[in-house]
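Thanks for coming. I will take a few minutes to walk through one model, and please keep the picture open while I talk.

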Amino acid sequence: MSRRDLTLHLGLVAVLFLLHFILPAYHHGVLARIMVMAVYAIGYNIAFGYTGLLSLGHAMFFGAGLYGMGLAGLHYGVPAFPAFLIGTACGAALAFVVGLLALRTEGVSFMIVTLMFSQVAYLALLYFGAFTHGDDGFVVPDASRTLMGLSLSDEGTRYLVAWVLFSGALLGSLWLIRQPFGRVLIALRENEERARLLGYDTKRRKLAALVISGAVSAASGAAYAALFGYVGATFAGVQYSIFALLWVLLGGAGTVLGPFVGTLFMFYLIDLATGLTDAYMLIAGVALVGLTLFAPQGIVGELRRRFWKDLP
Amino acid sequence: MTETSKKTPAGTVRGPSRRQALKTLAVGGTAAATLPLWARYAGAQTGEPIRIGFAKHATGIGASYGRWYDRVSQAAVKKINAEGGVNGRPLELVTEDDGTDPKRCAELMEKFANQSKCDLAFGTLFSHVVIGAAPRAAELKLPYFVVSEGHHVASGMLNRWTLQPGITDVKSQVKAMAPFVHDTLGKKVTMIFPDYAFGYDHRDNFTAAIKALGGDVVAQIAIPPTETSFTKYFPKIPRETEVIYHVMIGPGVLTFVKEMGEFFGPSRPEIFGFIDSLEAVNLSSPGLEFLEGTYFWEGMPRYLQPDAPGYVKAYRDAVGLDANGASVTDANDVSTAAHMFGCWETLHVIKAGMEACNYSGIADRQALIEAVEQMSDMPAGPDHPQGAKRFNGKTHQVFGPQYISKVEGGKLSVVHTASIEDTLYPDEVDYTKMSF
């Protein structure tokens, strides 16, 4: 890992920390949420951006974390941190099981199979409504939103917890893709046959990548439940799988910073466009088409292509 | 020697030059011309608008409701402002699309509180959106007046900052229907409902209510939300069924009604449904002929009734409703009449609450909540056109009359009005004991 790479990513982390002290209240709250959702995008990027696994079912992993954390708190009174770990473990376990089955397929078939699994998970949440509170969802009890005596509903605590999680996910993904394991993932994306020819057990590595991806996505879901206090089936719906794909594509698939940039860009694009016109989706659509035409590798991907060839 | 003495002869008073006079006139004229603006600005120091953040279902599954919620809210604000506003201050709606999405609506709470500097938040029908946004409203200490009809407020799931003073909840609606169904239509009921929380609210509350009256639910048929054809469910309806109770919603409802008609033909049991199935749907749509002679719950009658009081007509005129409950500008643009009145009434409750606590700004948000909690009976009239209301400050939920209408000649005619007493149930929470 070059010093320049490290400086760039640590610099972003430092800037986000400094913003905690200077941002106006609205943008402070928005950035906390963006950091949590960017962790979801980082998780998705490990599977899609680095390993080439185009999933349309990642909302089930986000939902597993969300419900794992929330239900542990609601039904069993589990405190925030253990509940967070339970949520993350739920996502990892679900990713392992889904991976064992879905990774028998590849390409478009993998995309469809993950979509189907995700729909099963979503409908299961509705079916077991007596336990999950179905489509209405539920509010996470305050007792499960307290960490070391600090309320996670407090704006400052929320931001800093989101920042710690995001920093960990960002630097963790940077570290991961600079490891031999991460380089094998990239090799799988570029040419799986060749990787197999070189002696790598590609199925096992893809499964590992999916489990890591699912765990990170679930950590984001669990954090959302803890920090924002609501758990609902909407988050496990297909649109949240597409959001992750969209954020990663916009920011730059296969770049460490891309998921954050894509999430940030998409949020403010919608938020600012709503202030201009009721037809804000049209503005968002035009911007997305423009970006696709002129920066097909995403914002960070385009920067890498033009200015910084070895940007991770 | 001064310049003046240089130019002015001693003992004379120098008058203004023509240029100076023109300048003075110009400045004075400008000041006079802009006086109304300055006066308006000076007035604004004491009469700044009260900003109400309106979370609107402009897109997503709730869009048809959002469109009408918006129209009704705009009309109510126009009326309130024409009557002098709130303590002399006009109301101003700050409308944002929540996408019928709980995450976006939670974000809007932050936007209303921290960026738009709204005094309070208002709106939103779908339960999951309200439940997703309410925790953030409480954290931001932002009064959140919902128009959702969900039981989530009165169930105690939410918080002290969230109130529902303008529309009754589904539990009270369903409970109030049981006596009419039992006494008039039949005692053996088969329920058909969507297989998720909204349907379960109906299943659980109606089953308990009809059993308490001595009737029975002989079958409960839950239909998955992804279903597009319903023919396989109708054979599950027991022969002994005297009444079918249905509460299907979503795009499949027309198919549901059409297939039910084909299944039963001319000999059918009595049929009772919730108009939620057909809100914003024209009753003269092809396939709905089968509904002739069936009954519906309505929160407020869609069609103008012959005995409608003047204030109901005034409300409908203000909102822009024709006699059939459609837009006066487009007969195919059918309203969500059974729910949207809640926006009108909620805004009037906000006005009354603000006047009661002499609301002057966001520092009085808590006082506003406390003032509304003190409210109880509200008479029917221009502020409450749906009917008289009784607000329960402990549960933050309002109770009111419910209407049962029969489809006659393709229109809905009110045949029974359930009283407020029929809708009451024991308190499940006391929000007034919760801290702010």
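I will start with the ground rules, then go from chain B as a whole to its parts, and end with the contact between chains and the core.

This is a predicted model, in which local features need pLDDT of at least 70, side-chain atom pairs count only at pLDDT 80 or more, and totals for chains, interfaces and linings use all residues. Residues are numbered from 1 along each chain as its sequence is written, while chains are lettered from A and ligands numbered from 1 in the order in which they are written.

Chain B, then. It has 13 helices and 17 strands; these are DSSP runs, with H or I over at least four residues for a helix and E over at least two for a strand, numbered from the N terminus. Of its 436 residues, 48% count as buried. Buried here means that 20 or more other C-beta atoms, placed from the backbone, lie within 10 Å of the residue's own. Two residues are in contact if their C-beta atoms, again placed from the backbone, lie within 7 Å. Among the contacts in chain B with a separation of 6 or more, 69% are between residues 24 or more positions apart.

The domain assignment, which is automatic or from a database, splits chain B into domain 1 (46–168 + 339–400) and domain 2 (171–298 + 404–416). Their centres, taken over C-alpha atoms, are separated by 31 Å. Each of the two domains of chain B puts 7 residues into the contact between them.

Now a helix. Helix α4 of chain B covers residues 63–82, and its 20 residues reach 28 Å from first C-alpha to last, close to the 28 Å expected; the expected span is 1.5 Å times one less than the number of residues. Which residues of α4(B) are buried? Among them are Tyr65(B), Trp68(B), Tyr69(B), Arg71(B) and Ile80(B). Their cover includes β1 (50–56), β2 (91–97), β3 (120–123), α10 (310–319) and α11 (337–356) of chain B. Just after α4(B), Gly84(B) has a positive phi of about 110°.

Next, strand β10 of chain B, residues 295–298. Tyr295(B) and Trp297(B) point one way, Phe296(B) and Glu298(B) the other, and all are buried. Strands count as paired if DSSP finds at least two bridges between them. β10(B) runs parallel to β9(B), residues 270–274, with 3 bridges joining them, and Gly273(B) stands opposite Phe296(B). With β16(B), residues 402–408, β10(B) pairs in the antiparallel sense over 4 bridges. There, Trp297(B) has Ile404(B) as its bridge partner.

On to the two chains. Their contact takes 23 residues from chain A and 27 residues from chain B. On the chain A side, the largest share, 5 residues, comes from α2(A).

α2(A) comes up again in the largest nonpolar core, to which it gives the most, 17 residues. Such a core is a set of buried Ala, Val, Leu, Ile, Met, Phe, Trp, Tyr and Cys residues joined through C-beta atoms within 7 Å. This one has 209 residues, and Val39(A) and Ala223(A) have the most contacts inside it. Each domain of chain B supplies at least three residues to this core. What does Val39(A) touch, not counting residues up to four places away in sequence? The list is Leu165(A), Phe166(A), Ala169(A), Val216(A), Ala219(A), Ser220(A) and Ala223(A).

That is the end of the tour.

Technical notes:
A residue is buried if 20 or more other C-beta atoms lie within 10 Å of its own, exposed if 12 or fewer, and partly exposed in between; C-beta atoms are placed from the backbone.
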